[in-house]
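Trainee: I've got a structure open and I'd like to zoom in on just one part of it. Could you walk me through the aromatic rings and whatever surrounds them?

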Amino acid sequence: QNTLRPGQSIIASVLVKNTGNVAGEETVQLYIRDLAGSVTRPVKELKGFQKINLNAGEMKKVEFTITENDLKFYNSELKYVAEPGEFKLFIGTNSRDVKETGFRLVK
């Protein structure tokens with residue numbers, strides 16, 4: 001789903017496959033970007049990560065749960081708030097090589 005309401009959550013998932021011939025581990029990272037906050041926000045904020053082990057040729061689904069709390073920050077009045085609006089969500093093995101989608105927080 002691409003709309004988040006207070007008290008609800010969004011599940012973001014990605015399939016990760018080990019294309020190599022030996023077992024390995026990978027760290028899958030979740031980043032979020034607020035497209036229009038009332039104060040300047042980072043381009044990408046790390047909001048979660050999961051370390052997984054994969055056998056050769058194995059594929060796993062990695063899921064992250066996003067709630068309104070994950071979108072909160074201190075505004076110019078030093079109040080901890082989540083402002084409604086558009087957000088970008090990024091999942092990948094680093095901050096550069098990511099899959100991207102968007103969602104909207106409505107109140």
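Mentor: Here is a walk that starts at the ring pairs and works outward from there. Keep in mind that this is a predicted model, not an experimental one.

How many aromatic pairs are there? The count comes to two. Take Tyr74 and Tyr80 to begin with: this pair is tilted, with 4.8 Å from centre to centre and 40° between the planes. Are these tyrosines buried or exposed? Tyr74 counts as exposed because its relative accessibility is 54%, while Tyr80, at 44%, counts as partly exposed.

Now turn to Phe87 and Phe103. Their ring centres are 5.4 Å apart and the planes meet at 10°, so this pair is stacked. The cut-off behind that word is an angle under 30 degrees. Phe87 belongs to strand β8 and Phe103 to strand β9, so the pair ties together parts that are 16 residues apart in sequence. And here both partners, Phe87 and Phe103, are buried.

How do the two strands themselves fit together? β8 and β9 pair in the antiparallel sense, over eight bridges, and they make a hairpin with five residues between them. If you want one bridge to find on screen, look for Phe90, whose partner in β9 is Glu100. While you're at Phe90, check its ring too: the charged end of Lys44 sits over it, 4.7 Å from the ring centre.

β9 has another partner as well. Strand β1, residues 3-4, runs parallel to β9 and is joined to it by two bridges. One residue to look for there is Leu4, which has Leu105 as its bridge partner in β9.

Back to Phe103, then. What does it touch, if you skip the neighbours within four places in sequence? Its contacts are Asn2, Leu4, Ile10, Ile66, Leu71, Gly85, Glu86, Phe87 and Leu89. So you'll find its stacking partner Phe87 in that list, along with Leu4.

That brings us to the core. In soluble globular proteins, nonpolar side chains tend to be buried together. The largest nonpolar core here has 20 residues, and Phe103 is one of the four that touch the most other members, the others being Val28, Leu71 and Ile91. Which strands feed this core? β2 (9-17), β3 (24-34), β4 (45-54), β5 (59-67), β8 (85-92) and β9 (98-105) each supply at least two residues. β2 gives the most, with four.

Since β2 came up, let's have a look at one of its residues, Val16. Val16 counts as buried because its relative accessibility is 14%, and the cut-off for that is under 20%. Setting aside neighbours within four places in sequence, Val16 is in contact with Val28, Ile52, Leu54, Glu58, Met59, Lys60 and Val62. Try finding Val62 on the chain: Val16 and Val62 are 46 residues apart along it, yet their C-alpha atoms are separated by 7.3 Å.

One last stop takes us back toward the tyrosines. Most residues other than glycine have a negative phi. Leu78 has a positive phi of about 60°, although it is not a glycine. Where is Leu78? You'll find Leu78 in the loop between β6 (73-74) and β7 (80-81). At 68% relative accessibility, Leu78 counts as exposed.

Technical notes. Residues numbered from 1 in each chain as written. Predicted model: local features only at pLDDT ≥ 70, side-chain atom pairs only at ≥ 80, totals over all residues. Heavy atoms only, no water. Core = buried A, V, L, I, M, F, W, Y, C linked by side-chain atoms within 4.5 Å. Buried < 20%, exposed > 50% of the residue type's maximum accessible area, 1.4 Å probe, protein only. Contact = heavy atoms within 4.5 Å. Pairing = 2+ DSSP bridges. Phe/Tyr/Trp six-rings, centres within 6.5 Å; stacked < 30°, edge-to-face > 60°. Lys NZ or Arg CZ within 6 Å of the ring centre and 35° of its normal.
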